[in-house]
Amino acid sequence: MRRFEYHRAETLEHASRLLAELGEDTFLFNGGTDLLVEIRERLRRVRHVVDIKQIPGLSDITYDETRGLTFGALVTVGRLERLALVRQRYPNLRAAFASLGSIQVRNRATVVGNVCRASPSADTIPPLIADGAFVHIYSRTNMRVVPLAEFFTGPGKSVLAKGEIVTGITVPPALDNSGKAYLKHGRRKAMELSTVGVAVSLTMEDGLCNDIRIALGAVGATVLRAPEAEAMLRGTALDAATIKNAANKAMEECTPISNVRASADYRRDMVGVLTGRAIKQALEAFA
Amino acid sequence: MNINTPIEEREFKIVGKSVRRDDVLEKVTGEAEYTGDVKLAGMLYGKTKRATVAHARIKSIDVSKALAYPGVKAVLTHENVPRVLHYGSPHPRSASCTKDQYILDDKVRFWGEGVAAVAAISEEIADEALDLIEVEYEPLPAVFEPEDAAQPGAPLIHEVGPGGNLVLDPVRVNRGNVEAGFAEADFVLEGTFSGGRPHPAYMEPNVCIADWDGSNKLTFWTSTQSSFMVRGILAEVLGLPLTKVRVLVDHMGGGFGAKQDCFQHEFLCALLAKETRRPVKMEFTRHETFIAGRARHPCKIWLKQGFKNDGTLVARDMKLVYDSGAYGSHGPGVTIVGTTAATSLYRCENVRLEGRCVYTNTPINGAFRGYGVVQSYYALDIQMDEAAERLGMDPAELKLKNVVREGDIAPSGHPILGHGLEICLQHGIDVLDWKTLRNRDRTPDPRQPHIRIGWGVGCEMHGSSAYPGIKEQGNATVKVNEDGTVTLLTGAAGLGTGAHTALAQIVAEELGVRFEDVGVIHGDTDVVPWDIGAFASHTTYLVGTAAKMAATKVRAAVLERAAIKLQVSSADLDLSEGTIFLKSDAGRFMTVAEAMGPSRGIPAANIVANGTYEPTKSYSFAAHFTEVHVDTETGIVEVKRVIPVHDIGRVIHPIAAQGQIEGGIQQGIGHTLTEDYVIDKKTGRSLNAGLVDYKMPLSMDMPDIETIILEAAPDPGGPWGAKGVGEDPIIAIGPAIANAIHDAIGVRFHHYPITPEDILKALREKGA
Ligand SMILES: Cc1cc2nc3c(=O)[nH]c(=O)nc-3n(C[C@H](O)[C@H](O)[C@H](O)COP(=O)(O)OP(=O)(O)OC[C@H]3O[C@@H](n4cnc5c(N)ncnc54)[C@H](O)[C@@H]3O)c2cc1C
């Protein structure tokens, strides 16, 4: 493993200052489950890491019916996965959390780290986008809130400016008339990066689809929405034929690549299959 | 010596019981010392600079910057290491190995080959120094597929060998009259089959430590399955007598066959230590275990067989081409074993086989559990399934009709004793109620209409020992200590299989002492008797017999000693659970400790005996039955149940044997469905040299395995009829899955791994 300097930040201000002062090859060190692997595998050039795990106030989880679910930057995937509220109200998030790595990895990895790594195949991003989550960002001059759907600018890239730190994520409240699902496609049941991930969050009113968001993972430079497919579904009763047509539309809306994990064609096919299945699974909430 | 006495029927006290393994406490508490745990004062860390081109001459190599880098102590290139042509797979007793390697050469033959090595005061510094070595390559045209390498005019990868990029002359087997057989056939099946490049991906990456002392003696810790071979080849290449090379290995995190080569980094480690006069450690990264380790040979097979309408097999014509990668390693052995294996499994009088092994500019393929037979039996078993389909017969019935029988000539050339395949198949058919299963209602579950269910069966047999390729020898030394405890000295490696426990059980059983009273010393070539290495499913079979022979001798000596002390004839004595007693009067007894210990006027006894056993071969057998679920929309195949029925003769340690079977099935599921080490066919670069994209099934992916071990066909060659179980379980599961997929969706696959994309493509073609 390549050598690097370790710094421990006491406050957000301290961390932000270290990021600015230590120069280009400085990175925040959260759970480290991405960062350390990247250093070890020489995927990223790192001279300094700034550990944020001792910063107070970033480990809270709160929920209320108006604001929704908010969790801090240091909250691990495992903690959220085990939360009764998540299990009951956010089955999509629960599925994503439970599918990430292994129990050991989840007890170390944070959701914010997963989001900030900005991998197109990250498991927590599609359901968070489908749920309309927001990211809270700290900088020494101001705080800002960015919709997650606008957070990513490319593979591994986000709108974060140098010195900015994500302090937490808010997921809107889970309404009683909502249905949610996340389906991950891979070859293994654990320790698997998504070949394709599809999240669907929808609300129903009087038997019709009031709103729906579809987010597609690992089939583009960032996690993608499928706006045309969504439009085809809104206002319908989500019958089998409409779902099929929308799933086909989602296949057109994604932009997968071929690599050793799967071919672009296969990924596209899976977007079709999983979109259909995810909608049906989301509808099971009303069954 | 070959033991051909009938198998002794007796009541066992220790053999056949799942005693607590001798290494279990150390392992679960983390105390067990593996090679990577060894730390020596002043130890340096070595790293290998690896080629980023598949085939090239090295025009120049500039190490000045690396040498000047603070903390770097030595740099080796082809310009300053001895140039000795040597074997990669150090089997000096085998006719089938290839001298085609140098420690470092001025030629690169695959992407990832070592071109230089650095020793530095830390692993990080050594790693950083690698980037400072400047290598200028003159690229040569490269070949990545055996078909291309075998073309006339293809670029030659080696100057040695038979030429035409062949690793060895083609292996040919002819029996009976194939043309006459085909003339007799009612129908002929012909097909091509192929296998991918699975990697054993053992848990413990290769690691070694070299240390020279003031007398110019090399002590060498290394994670190897064959320490005496490493000793032999290091001594040969470094020009040392065997007394000046000591190889040590305690616990290992697996090897699966692949850790029986002598690797390039092992020579480099010894030379870096020599150059710096300091101990040097070299440890592979996971990435290096792929590019510089050993995988299974990819294989292309053409198979044509003639059948009668009653299912009799009348002719078999088969050509196999194994891809050796850039060096010979185990290519010859694999080609010979994999090809000759095809004389058997299913009986056929008229056989013509031709096996080739071809160099390509890809990473080296070597020994891996199932040794060439995984490939050939995949083809044989699937085509037998196809014959059943053609005949409208139950495949299990047809296989049962055709499997080898007692006295048939085995691939080794001698008649099979203790054949067990028939009984394994029949047993599986019975316990599963296979006929009912085959006639089940096949309507898909309306809740999951895209899931199709299939059942398949596959068969295999595999030899214990590498005979006749290598005439092997098992050795053991047994000492009885003055307190009645017993020490077994063995050269057999402890890969993690529990072999030492089995050997201790055998000694305890034969000698008549408690299992807990037997200690096992292993892993030091200066101390233990010579051993060929842990491979070919032979440790329990051949070292076990040697240990039993040595135990027989010390038992007699102990009884002699007791007879003097008790003033009776030793013939009247028996020994059980550490107590020696008069057969006619169990009230007159003494413990082994009392017999061994000193008494007035008699010093303590020194009782030591050796056992040496040179076997031929025995065969173990299995039929694997499996249920798969195929998702016709995603192409994902899930193996739901496996019922492996094995005959391995006498079972020494049931849980360990079962562990071997379950592990083999896990690896077999892997190479059949998900595992393939992929080499880019344009550049020769590895595309998934790591565990993120090399996909082994993990515990959560494992199906229910309901292991059945029969003891119906013991072989007189092993201790109390025991046979090997190391390699068998990886062979039959592959064709069983392929056959089950056919049963589920009506599509035949002739290759592995069978990927979801393959399934969808085939379903589309079938639908079209
Ligand atoms: C064995 C294994 C299996 C895995 N399996 C999966 C999987 O199935 N699915 C999946 O999606 N991922 C998987 N991962 C990847 C990884 O675990 C996740 O992405 C994890 O959520 C990252 O969180 P972390 O806290 O460890 O991040 P870190 O590694 O600490 O950080 C990741 C990146 O985010 C930045 N960062 C962290 N916190 C902040 C912050 N507060 N503000 C701004 N930037 C920040 C870091 O600088 C770094 O660039 C796996 C990793 C391993 C090692």
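In the predicted model, a polar backbone atom of Leu28(A) lies 2.6 Å from an oxygen atom of the ligand. A polar side-chain atom of Thr33(A) is likewise placed 2.6 Å from a ligand oxygen atom, and the side chain of Lys184(A) brings an N or O atom to 3.1 Å from an oxygen atom of the ligand. On its own the ligand has 990 Å² of accessible area, of which the protein covers 90%. Chain A elements that each give two or more residues to the surrounding shell are strand 2 (26-29), helix 2 (35-40), helix 7 (111-117) and strand 10 (165-171). Of these, helix 7 of chain A supplies the largest share, five residues. The shell comprises 33 residues, and those that come nearest to the ligand are Leu28(A), Thr33(A), Asp34(A), Thr110(A) and Asp123(A). By class, the shell residues divide into 18 nonpolar, nine polar and six charged.

The contact between the two chains draws 33 residues from chain B and 22 residues from chain A. Together the chains bury about 2400 Å², with 48% of this area on carbon and sulfur atoms. Eleven salt bridges are counted between chain B and chain A. One of these pairs Arg2(A) with Asp131(B), whose closest N and O atoms are 3.2 Å apart. The count of residue pairs in polar contact between the chains, with both residues at pLDDT 80 or more, is 17. On the side of chain B that touches chain A, two or more residues are given by each of helix 3 (123-130), helix 17 (654-674) and helix 19 (756-767). This side of chain B is made up of 16 nonpolar, five polar and twelve charged residues.

Several backbone features of chain B were also identified. Most residues other than glycine have a negative phi, and most peptide bonds are trans. Against this background, the peptide bond from Tyr467(B) to Pro468(B) is cis, with omega near 0 degrees. Pro468(B) belongs to the loop between strand 18 (451-464) and strand 19 (474-480) of chain B. A cis peptide bond also joins Tyr752(B) to Pro753(B), where omega is about -5 degrees. Pro753(B) is located in the loop between strand 30 (751-752) and helix 19 of chain B; helix 19 is also among the elements that contribute to the side touching chain A. Leu345(B), a residue other than glycine, has a positive phi near 70 degrees. The loop that holds Leu345(B) runs between helix 9 (331-341) and strand 17 (351-359) of chain B.

Key:
Residues numbered from 1 in each chain as written. Chains lettered and ligands numbered in written order. Heavy atoms only, no water. Near = heavy atom within 4 Å. Polar contact = N/O pair within 3.5 Å; in protein donor to acceptor, adjacent residues only side chain to side chain. Areas by Shrake-Rupley, 256 points an atom, 1.4 Å probe, with all protein chains shown as cover. Helix = DSSP H or I, 4+ residues; strand = E, 2+ residues; numbered from the N terminus. Nonpolar A, V, L, I, M, F, W, Y, C, P; charged D, E, K, R; others polar. Contact = heavy atoms within 4.5 Å. Buried area = accessible area lost by both parts, 1.4 Å probe. Salt bridge = Lys/Arg side-chain N within 4 Å of Asp/Glu carboxyl O.
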